[in-house]
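Work through these exercises with the structure open beside you. Try each task before you read its solution.

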Amino acid sequence: MIREARYWEPTEDGRVRCTLCPRDCRLRDGQAGFCSVRAAEGGRLVTRAWGRSTGFAVDPIEKKPLAHFRPGSKVLSFGTEGCNLGCQFCQNWNTSKARLGDEAAEDGFTPERVVALAREVGAPGIAFTYNDPVIWAEYAIDVARAAHTAGLFTVFVTAGYVTPAARAEIFPHMDAANVDLKAFTEEFYAHVTLGHLAPVLDTLEWLARATGVWVVVTNLLIPGLNDGVDETRALARWLVQHMGADVPLHLTGFHPDWRLRDRPPTPAGTLSAARAIARGEGLRHVYTGNVRDPEGQTTWCPGCGAAVIARDWHAVRSVALSGDACARCGTRIAGRFEARTVSSTTGARRRLGLPS
Ligand code: SF4
């Protein structure tokens, strides 16, 4: 399903410039961009990701992770191949590093078919995830349009490495976003992700100030690389100043993967200590992930300290909200809590729509 892409322009020297992400690929005919799914063909930029999927799963919304958005909901989740960052620690490298022709994905998933699949499995929303949907923005927008027409919500799970012009077209179609802030140093971005920190911070601030998208931030802590106390403190301080104290921060544990196998998994104690630091900087909702930690995964009322959404891993155990406020003291809890359900799901992933 090769389609002409949006977000490109011709260059004076006869190449095609992709304007979707800050990598700014300039391609000669036949060349693919860094992300592998966009290429120059016949003097134009094409996307080879439209209608493709590496597989569908029904995930709990808590797995995205999204702690303050329709807690307990199921969400139909899927992605394609490729990525516009080169993270050495990628936890989804089997699809993000796959190239067209590797047969990691299949074609034929029109927006209508994806929406029909969501309905079939009883999911009230669709998540663009597993690889960065920025690189398949045209397809994500088309699916999101169809989803909204059908009354489904949409979730965009991204690293936020996108140009201002493109993001202004993408995010009006999204109800919630999880932005993976890989670290808080330019050095880490340059050496470990092959990207830059500044455009990501710019996207985060823009999302918080200029859109109605419900935004949460994830920060994967890698021992010895981005888990320093000063870095966590600076990151949390920046979030409070530029996005507000209510933005949820998920501090998640690393496990050795892809090209970063010489580091140990993140100790649970590191995540708990980082959570305390971030809370100390004023963030109201800080969570731990990829470890067993009911205390660090529960939403606590900032007014009276009650457990308003008790969780264990990805499972919601109880909800004590009255509308969007603490049922005990009435303090408003930031988030989107409509259509709330309580689920005991453990996050088991099912592959749907593709042969197993
Ligand atoms: S989206 Fe892909 S082709 Fe476009 S600039 Fe980014 S990496 Fe290059």
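**Exercise 1: Unusual backbone angles**

Task: Is Tyr130 buried or exposed, and what is the sign of its phi?

Solution. Start with the neighbour count. Tyr130 has 23 other C-beta atoms within 10 Å, so it is buried. The cut-off for buried is 20 or more. Next, place the residue. Tyr130 sits in the loop between strand 9 and helix 3. Now read the angle. The phi of Tyr130 is positive, about 75 degrees, although this residue is not a glycine. Most residues other than glycine have a negative phi. Keep in mind that this is a predicted model.

Task: Where does Ser36 lie, and what is its phi?

Solution. Ser36 is in the loop between strand 4 (26-27) and strand 5. Its phi is positive, about 80 degrees, and Ser36 is not a glycine either. Count the neighbours: Ser36 has 22 C-beta neighbours inside 10 Å, so it counts as buried.

Task: Which residues does a cis peptide bond join?

Solution. The bond links Lys64 and Pro65, with omega about -10 degrees. Pro65 belongs to the loop between strand 7 (56-60) and strand 8. Most peptide bonds are trans.

**Exercise 2: Helix 3**

Task: How far does helix 3 reach from its first C-alpha to its last?

Solution. Helix 3 covers residues 137-149, which is 13 residues. At 1.5 Å a residue, 18 Å is expected. The helix reaches 18 Å, close to that value.

Task: Which residues of helix 3 are buried, and what covers them?

Solution. List the buried ones: Ala137, Glu138, Tyr139, Ala140, Ile141, Val143, Ala144, Ala146 and Ala147. Then look for their cover. It includes strand 1 (3-4), strand 6 (44-47), helix 2 (111-120), strand 9 (125-128), strand 10 (153-158) and helix 4 (164-170). Finally, look past the end. Gly151 follows helix 3 and has a positive phi, near 85 degrees.

**Exercise 3: Strands and their partners**

Task: Which strands pair with strand 9, and in what sense?

Solution. Take one neighbour first. Strand 8 (residues 74-78) pairs with strand 9 in the parallel sense over three bridges. Here Leu76 stands opposite Ile126. Now take strand 10. Strand 9 pairs with strand 10 in the parallel sense over four bridges. Ala127 stands opposite Val155. Last, check the faces of strand 9. Gly125 and Ala127 are buried on one side, and Ile126 and Phe128 are buried on the other.

Task: Which strands stand at the edges of the open sheet of three strands?

Solution. The order is 1-6-5, with antiparallel pairing. Strand 1 and strand 5 (38-41) are at the edges, each with a single partner strand, so one side of each has no neighbour in the sheet. Strand 1 pairs with strand 6 over two bridges. Glu4 has Val46 in strand 6 as its bridge partner.

**Exercise 4: The ligand and the whole chain**

Task: Which residues are around the ligand?

Solution. They are Cys18, Leu20, Cys21, Arg23, Asp24, Cys25, Gly33, Phe34, Cys35, Arg38, Asn84 and Ile135. Sort this shell by class: seven nonpolar, two polar and three charged residues.

Task: What radius of gyration would a compact globule with 356 residues have, and what does the protein chain have?

Solution. The globule would have a value near 21 Å. The protein chain has 20 Å, which agrees. Of its 356 residues, 49% count as buried.

Terms used:
Residues are numbered from 1 along each chain as its sequence is written. This is a predicted model: local features need pLDDT of at least 70, side-chain atom pairs count only at pLDDT 80 or more; totals for chains, interfaces and linings use all residues. The expected span of a helix is 1.5 Å times one less than its number of residues. A residue is buried if 20 or more other C-beta atoms lie within 10 Å of its own, exposed if 12 or fewer, and partly exposed in between; C-beta atoms are placed from the backbone. Two residues are in contact if their C-beta atoms, placed from the backbone, lie within 7 Å. The radius of gyration is taken over C-alpha atoms; the globule rule is 2.2 Å times the number of residues to the power 0.38. A residue is near a molecule or strand if its C-beta atom, placed from the backbone, lies within 6 Å of it. Ala, Val, Leu, Ile, Met, Phe, Trp, Tyr, Cys and Pro count as nonpolar, Asp, Glu, Lys and Arg as charged, and the others, Gly among them, as polar. Two strands pair if DSSP finds at least two bridges between them.
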